[in-house]
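I opened this notebook to record what I looked up in the model, entry by entry. I began with one loop and then went on to the chain as a whole.

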Amino acid sequence: KTLFVLNGRYCQYRTNDTTWTVSKDFGAGKVSNDVVVHTQNTGAGGTTLAYVAMGDSELMWKYDATSVTTTWTQHATLYALCFAKNGRNLFRAQQTNLVTKCDVNADPWIAANWGAAAQFRVGDATSAIVKMRVHPDGTLFILKTDGIYVLLDDGTDVQLYAGTKFTPNGANGLYSY
């Protein structure tokens, strides 16, 4: 197994106990936001890929781990702020407050699999989604600059702790763990 880490404009991998080597340089002025490792049921025995979110101004990337440096592919049309996995679904945030989901039986690299029927807005567009996290009980938390949101079963968003939007740190959720 090889250990990978996102480090700003780079994805690096551990070559030994003291050395990190660049697997992918996303380019000057570009910063990776998030990564998710996802196994889809399509393909023989399923396909496991890493998807890298680059924000709303840089298209997302995928990595298939067949080679540490040569198997990176940038999408032609899809952007991502961040990702989360919850049950059968892979969630992708984009366009400030839009979340879409893709079922495990569909290929997330195909734009049509993130269709309008699986899209919903979280809060208003004045505050951006910075991270999404899944609680062990399966609750999807969407962390925005104005607070924390959860989704009800019907797709309705509910803001928790509404007062957090008044805290002096404007990066709510950015450093969640």
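**Entry 1, the loop.** I started from T77, which I found in the loop between β7 and β8; I keep in mind throughout that the model is predicted. I then looked across to L59, which is 18 residues from T77 in sequence, and read a C-alpha to C-alpha separation of 6.6 Å in space. When I set aside the neighbours within four places in sequence, the contacts I listed for T77 were L59 and A111.

**Entry 2, H75.** I next placed H75 in the loop between β7 (72-74) and β8 (82-86). Is H75 buried or exposed? I noted 8% relative accessibility for H75, and because the cut-off for buried is under 20%, H75 counts as buried. I followed its side chain and found that the side chain of H75 reaches the backbone nitrogen of L78 at 3.0 Å. Leaving out neighbours within four places in sequence, I recorded L59, M60, W109 and A111 as the residues in contact with H75.

**Entry 3, cysteines.** How many disulfides are there? I counted pairs of cysteine sulfur atoms within 2.5 Å, and the count came to zero disulfides. I also checked the accessibility of two cysteines: C82 is at 0% and therefore counts as buried, and C102, at 1%, counts as buried as well.

**Entry 4, cores.** I turned to the largest nonpolar core, which has 14 residues, and noted that V99, I129, M132 and I142 touch the most other members. The elements that I found giving two or more residues to this core are β8, β9 (89-94), β12 (129-134), β13 (140-144) and β14 (147-151). Apart from this core I noted another, of 13 residues, with V36, M60, A80 and A106 among them. Going back to V99, and not counting residues up to four places away in sequence, I listed what it touches: F91, R92, A93, A118, Q119, F120, V122, I129 and M132.

**Entry 5, the whole chain.** I ended with totals for the protein chain, in which I counted zero helices and 15 strands. Of its 177 residues, 40% are buried, and the chain exposes about 9,400 Å², with carbon and sulfur atoms supplying 53% of that area. Among contacts between residues at least 6 apart in sequence, I noted that 37% join residues at least 24 apart.

How values were computed. Residues numbered from 1 in each chain as written. Predicted model: local features only at pLDDT ≥ 70, side-chain atom pairs only at ≥ 80, totals over all residues. Heavy atoms only, no water. Buried < 20%, exposed > 50% of the residue type's maximum accessible area, 1.4 Å probe, protein only. Helix = DSSP H or I, 4+ residues; strand = E, 2+ residues; numbered from the N terminus. Polar contact = N/O pair within 3.5 Å; in protein donor to acceptor, adjacent residues only side chain to side chain. Contact = heavy atoms within 4.5 Å. Areas by Shrake-Rupley, 256 points an atom, 1.4 Å probe, with all protein chains shown as cover. Core = buried A, V, L, I, M, F, W, Y, C linked by side-chain atoms within 4.5 Å.
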